[in-house]
Amino acid sequence: MALAAPILVEARRFPVGLLLVAAPMLLLVVFVLVPAASAIVSTLTDPRSGGPSLANYRTLLGDPLSRGNLFFTLGSTLAVCGLLLAVCLPVALYLRFSSGRLPAFVQSVAVFPLFVPGIIVAYALIRFLGPNGSLQTVLDAIGIHGFRSPYLTPAGTVIGLVWEGIPLTLLILLSGLAQIPNAAIEAARDVGAGRLAILTGIILPLIANSVTVAFSLAFLGAFGAFTIPYLMGPASPEMMGVFMQRTFSELRDPAQAQTQAVMSFLFCAAVGVIYVRSVIRSRRRGS
Amino acid sequence: MSKLVIDRLSKRFSGTVAVADVSVAVGDGELLCLLGPSGCGKSTVLRMVAGFENPSEGRVLIDGEDVVALPPERRPTGMVFQSHALWSHMTVAQNIAFGLRLRGLARAEVKARVGSVLELVGLAGYEARYPAQLSGGQQQRVAIARCVVLEPKILLMDEPFSALDAHLRVRLREEVRAIQQRLGLTTMFVTHDQDEALTLADRIVVMRSGAVEQVGTPGEIYAAPATRFVASFIGTMNLIETEASGGSAGLAGARVGGDLPDGPLTIAVRPEDIALGEPGWTGRIERVLDLGAFRMLDVALDGGPTVKVQAAKGVPLRAGETVPLRPLGLVAYGGDGRARRASIEFGNLTNVVSIHG
Ligand SMILES: Nc1ncnc2c1ncn2[C@@H]1O[C@H](COP(=O)(O)OP(=O)(O)O)[C@@H](O)[C@H]1O
Ligand SMILES: [Mg+2]
């Protein structure tokens, strides 16, 4: 009897665990995987014959406008990722290696956009950066004229997406930096490393994984963005999110919209692979 | 000339005094242990020598040169941390080579030095391993190699073995001593483990609440603890509280005399300094603990406290027996905690001992 008890507990626990996982899995299958699979299948199907065909993709890649939008999206997204890392890495380093009230304040300011919905970010930036916005007013007041607003230009989209992406990127980099023990840095100083050697030889390699994760998530967020590019970006070229929406509801071409979606998904999936590999690598090193 | 001189060093952290007016000189090739309970300021002293903390007051001289203004990367010191602090993204060889490469050594030279230092710490062939693939003891050996390969003038070790199990700790202790002797490294070693200090050190600095209590060889500190704190901290010691008046104090029927101030008095006697079977006190054996190499007895003195007495293995002794016993050496501590010259008399029996004052 005494021996049987733990086994019973195990046996009873097993289906409970399975049930707990089953509900979200079911939702995922019914509402995400099945529609996604059917969409992918339908983009590979000839609308007239019903047989397999790459016609939809030929149309997409053959159309200069669509192709342009795809490359524009890719370029803007990479610019956003690059700027995010360029802005957040120094801030994260500062926050990690200093103490006191100022860093705490800087951190709360930096994380603030996390609590602001994208649409409000967009309007705030428009009020700030737009024609006759606060920035231009200030510049005019101090005698700097000729300010060209980034509103409705590619730069507008990039600025908006960077602002929106700062908190997440910063938090990921900070969590990576937090895992570097102080003693590891002190040991480097002890053997004679200056600031630059510590940064390039110790810190950056140790947070390479966090940088990859931050990059991947920033890429996924920016590539599929809608609100910011819709409100702040140019009418043409368009980011894929805006383009898809317009193709679907204004041009009423669901087949092309779906094909655009699958193309976007492929780019994001490629980055997703990088992300997953990075996570696996950090799990394996276990440190 | 002393290799390392710590001169009136103090450190305050926003109000709290971590180190108060510590002065120590370490000779060339000497291994000095800083010993004291957790929080007494040992690490802070070491970190001020390494340059990780700025002293509030005082100087640190290496080869006669004040290094207080130098940052850690420019000091000729090498530190081994409690947590090995290896760089997890580098192999063993890369960890050791990092400092050599910063000094601009040629590739072949680096490789040769890494090879020979790994030989020294008994890890030849481990070049390509990552720290996570090593045991705790091996990681700490790599950390030592990483320091030693740079030939520091002063080797600093901050409780390097406290995260390891007891057996390994003893082995690494011996290895470190051997390496230190072989290379003639001037070493400052921090520990809270008195056994470690007693077996490893040429000299010990006992610290308490940021200040130095006593400096001496292990033998001196063990035989003649300068303060009550040192007596209680090092080794096993019977500490018997009594009261002195008119220059003497009673102790289980005996009289302790000497240079004693009136007021509370602590008599300290080591268990191995009490001779069984010698006339003096009388006591009842309450407990016999066989510790293999010897036996430890609890003996309740007639009209006095219970004391621990160390007895050889062969002597037949049982709990409940009454035995005569006499202290062969003792130290008395006055209310200020300082050691006093003292001796003990048993009625008309001739007396013993006087220790140190
Ligand atoms: N960076 C610091 N900030 C504030 N207090 C500290 C700091 N480092 C050490 N202390 C304090 O100084 C005292 C001595 O610490 P430490 O030198 O680490 O002791 P030990 O190494 O002997 O255990 C402790 O009370 C500790 O809390
Ligand atoms: Mg310490």
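**Nonpolar cores and the surroundings of ligand 1**

In this predicted model, the largest nonpolar core has 135 residues, of which L4(B), W87(B), I96(B) and M188(B) touch the most other members. A nonpolar core is a set of buried Ala, Val, Leu, Ile, Met, Phe, Trp, Tyr and Cys residues joined through side-chain atoms within 4.5 Å; buried means under 20% relative accessible area, with a 1.4 Å probe and protein chains only. Apart from this core lies another, of 28 residues, including A249(B) and L265(B). In soluble globular proteins, nonpolar side chains tend to be buried together.

W87(B) has contacts (heavy atoms within 4.5 Å) in both chains. Beyond its neighbours within four places in sequence, its partners include A184(A), V191(A) and I202(A), as well as F98(B), P131(B) and R146(B).

Attention now turns to ligand 1. Among the residues around it, each having a heavy atom within 4 Å of the ligand, are F13(B), P37(B), G41(B), K42(B), S43(B) and T44(B). Helix 1 of chain B, residues 42-50, supplies the largest share of this shell, three residues; helices are DSSP runs (H or I) of at least four residues. Polar side-chain atoms of K42(B) and S43(B) lie 2.9 Å and 2.6 Å, respectively, from an oxygen atom of ligand 1. For T44(B), an N or O atom of the side chain is 2.5 Å from a ligand oxygen atom. On its own, ligand 1 has 560 Å² of accessible area (Shrake-Rupley method, 1.4 Å probe), and the protein covers 57% of that area.

Residues are numbered from 1 along each chain as its sequence is written, while chains are lettered from A and ligands numbered from 1 in the order in which they are written. Local features need pLDDT of at least 70, side-chain atom pairs count only at pLDDT 80 or more, and totals for chains, interfaces and linings use all residues, while side-chain values use heavy atoms, leaving out hydrogens and water.

Notes: Buried < 20%, exposed > 50% of the residue type's maximum accessible area, 1.4 Å probe, protein only. Polar contact = N/O pair within 3.5 Å; in protein donor to acceptor, adjacent residues only side chain to side chain. Helix = DSSP H or I, 4+ residues; strand = E, 2+ residues; numbered from the N terminus.
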